[in-house]
Amino acid sequence: MIPSVPHTFRRGLAALALTLTATTASAQGPLLQAPVVSTQPLAATGPVRRVSVDEAVTMALEQNVSLQVQKMNPGISELDVVQAYGTWLPALTSQLFYQSLEQPVNTLLQGNAQSFKQDQVFGNFGVEQVLPTGANYSVGYQATRNENNNLFATLNPSTQGNFTFSFSQPLLQNRTIDATRQQILISKNNLAISEMQFRNTVVSTVRAVKNAYWDLVVAQSALEVQRQTLELSRQTLGDNRKRVEVGTMAPIDIVQAEAEVAANEETVIIAEQTVAQAQDQLRALILDPRTADFWITTFETADPPSLATSPVDVEAAVQKAIANRLDLQQARKQLESNDVRARFFKNQVLPSLTADVNYGLAGLGGTVITRGPGNGLQPGPIISEDTRPYSEVLGDVLAFEYPTWSVSLNLRYPIGRNANRVNLERQLLQNEQTLLQLRDLERQVVQQVRDLGRQVNTNLKRVATTQAARTLAERRLEAEQKKFGVGLSTTFNVLQAQRDLAQARNNEQRAILDFEKSRVDFEASQEASVSGAGGGSVTLSSATGTGNAAAGTTTSVAGTNRTTNTTGGGQRF
């Protein structure tokens with residue numbers, strides 16, 4: 001039987017071992033000391049604003065620059081409608097014309113003067129308009145005064161008044177629809193589409209703000225988790241150093257604890273960077289860049305994640321999406337515009353048959369010259385001059401003294417497969433294509449909503465399992481620390497338990513974030529297309545693949561890359 005070793009001898013052996021360890025470490029060179037990372041929150045350099053998720057959404061709706069840009073589009077589209085209606089507005093027309101003419105005499109009827117001279121003043125005014133029926137009319141009045149040196153003229157100077165009215169109505173082509181009415185209908189649909197696009201931008205902005213808010217909440221929570229883990233590793237390192245001082249632990253065991261502290265310090269640095277990035281993302285969404293403290297304002301989140309207690313109703317959400325989805329409404333409006341174009345081209349294939357009505361009234365006045373008998377080609381002398389004033393000219397017009405009217409039918413029918421027929425055939429094919437795309441879009445919408453609904457329910461289950469895993473990891477660490485205190489465990493086991501607890505807390509935070517963001521996407525998908533979500537982007541032209549959060553997603557928490565799965569577990573690298 002080996003005799004017991006005296007306590008003084010054992011203390012001597014421990015002192016010798018410490019001396020040898022110190023000598024070996026000195027021979028290997030000085031060890032690098034890890035920088036000490038503060039676990040206290042970084043001091044804000046600018047104003048701090050405490051906001052809830054609803055307040056963040058309100059700020060974004062008021063200050064988001066991209067949203068303000070999109071808000072102008074409906075106003076621009078409304079001007080297109082006004083411009084299209086402008087074709088039907090009446091137009092006033094007028095002209096004032098004066099001409100002084102002098103030319104050689106080329107006929108004996110102009111007298112024996114060496115040159116023919118004439119001064120003419122012409123003026124008119126009127127109204128013309130295109131009517132909603134495709135017809136057009138014009139009403140006008142013309143006044144003319146003519147004075148010349150023609151010796152044979154019986155009215156010199158002469159005045160004339162003419163009232164004119166014309167009306168043209170298409171009977172086949174352009175009767176029920178024409179280019180103007182087509183443009184008005186399409187412009188109205190484009191205005192409705194523009195308003196839907198703006199609403200879609202609002203929904204997308206609200207979704208982005210909520211996701212950015214929850215990203216910041218979880219980033220701050222993950223930073224706190226990393227700081228707690230760092231404190232635990234520092235506490236373990238301090239305990240190990242005390243044990244080395246009293247001789248119950250070898251100095252070499254401190255190296256492992258120091259390495260763990262250094263690794264956790266790096267994780268805290270990366271987590272702080274992630275928080276700063278989340279702050280920038282939220283800041284860009286809810287603040288106007290013209291704000292004086294834009295880049296130095298930090299946000300303190302006021303709302304914790306609110307977890308649901310029951311799964312979402314996927315089928316009710318699908319029915320709501322089919323009725324309210326803005327991209328489906330836009331596609332239906334586009335289909336209406338295509339139908340309008342088809343109606344127009346069908347009408348353009350008809351023969352062009354128009355009924356024209358023209359009506360005119362005339363009055364004549366001026367100085368009436370009466371001459372005596374002439375000599376050969378010489379006009380006789382002026383016997384008398386009688387002036388007929390312009391008032392009598394107007395009286396002739398108003399009394400309908402000299403009416404002139406005409407009615408005509410004009411027919412034009414192109415033969416063969418002309419451009420209008422080709423346009424109709426092309427438009428009918430495009431209508432059929434758009435209808436098929438709408439059906440496919442409806443399928444994509446249903447698929448996206450169902451997939452996002454499954455993600456919400458799956459993430460809700462993940463939250464419960466990760467919370468349970470975190471509770472068990474806390475109890476395991478507590479047990480390992482107690483065992484280590486009585487010498488029944490090792491530093492490696494304690495550090496491993498700390499790592500597992502940190503991973504469990506990260507998994508829980510990631511599951512909560514995934515749940516909140518999937519719920520935001522699920523709610524948004526019932527009103528607008530959700531691009532970039534697990535359900536994929538829904539477009540009219542083609543379908544895109546859908547993701548599946550239940551199968552696992554690659555995410556990042558506080559700068560640490562990991563893969564999560566349905567059980568909330570994961571592996572840390």
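Let's start with a strand pair. S3 and S4 pair in the antiparallel sense, over 13 bridges. One of those contacts to look at is at valine 130, whose bridge partner in S4 is asparagine 136. The two strands form a hairpin, with 5 residues between them. Look at glycine 134 in that turn: its phi is positive, about 95 degrees.

A word of caution before I go on. This is a predicted model.

Now move one strand along. S4 also joins strand S5, residues 155-170, through 11 bridges. That pairing runs antiparallel too. Glycine 140 has threonine 164 as its bridge partner in S5. Again we have a hairpin, and S4 and S5 have 6 residues between them. So much for the backbone.

Next, side chains on those strands. Searching the whole structure gives 5 aromatic pairs. In one of them, phenylalanine 125 and tyrosine 141 have ring centres 6.2 Å apart. Stacked, tilted or edge-to-face? The planes sit at 45 degrees, so this pair is tilted. Phenylalanine 125 lies in S3, residues 115-130, and tyrosine 141 lies in S4, residues 136-148. The pair therefore ties together parts that are 16 residues apart in sequence. Are these two rings' residues buried or exposed? Phenylalanine 125 is exposed, at 54% relative accessible area. Tyrosine 141 counts as buried, at 14%.

On to the charges. The structure holds 30 salt bridges. I'll take three of them, each within a helix.

The first is in H4, residues 179-246. Arginine 234 forms a salt bridge with glutamate 231, and the closest N and O atoms are 3.6 Å apart. The two residues are about one helical turn apart, because they are 3 residues apart in that helix. Arginine 234 is partly exposed, with a relative accessible area of 22%. Glutamate 231 is partly exposed as well, at 36%. For arginine 234, keep the cut-off in mind: buried means under 20%.

The second is in H9, residues 419-485. Here aspartate 451 meets arginine 454, with the closest N and O atoms 3.7 Å apart. These two are 3 residues apart in the helix, so about one turn separates them. How do the two ends sit? Aspartate 451 is buried, at 5% relative accessible area. Arginine 454 counts as partly exposed, at 44%.

The third is in H10, residues 491-525. Glutamate 516 and arginine 519 meet in a salt bridge at 3.0 Å, N to O. They are 3 residues apart, about one turn of the helix. In this case both residues are buried.

There is also a charged network. Arg470, Glu474, Arg505 and Glu508 are linked in a network of salt bridges.

Now the overall picture. The chain has 10 helices and 11 strands. It has 573 residues, and buried residues make up 39% of them. What about contacts along the sequence? Take contacts between residues at least 6 apart: 77% of them join residues at least 24 apart. The accessible surface comes to about 31,800 Å². Carbon and sulfur atoms account for 57% of that surface.

To recap the two threads. On the strand side, S4 pairs with S3 over 13 bridges and with S5 over 11. On the helix side, we saw salt bridges in H4, H9 and H10. Happy to take questions.

Definitions and conventions: Residues numbered from 1 in each chain as written. Predicted model: local features only at pLDDT ≥ 70, side-chain atom pairs only at ≥ 80, totals over all residues. Heavy atoms only, no water. Helix = DSSP H or I, 4+ residues; strand = E, 2+ residues; numbered from the N terminus. Buried < 20%, exposed > 50% of the residue type's maximum accessible area, 1.4 Å probe, protein only. Contact = heavy atoms within 4.5 Å. Areas by Shrake-Rupley, 256 points an atom, 1.4 Å probe, with all protein chains shown as cover. Salt bridge = Lys/Arg side-chain N within 4 Å of Asp/Glu carboxyl O. Phe/Tyr/Trp six-rings, centres within 6.5 Å; stacked < 30°, edge-to-face > 60°. Pairing = 2+ DSSP bridges.
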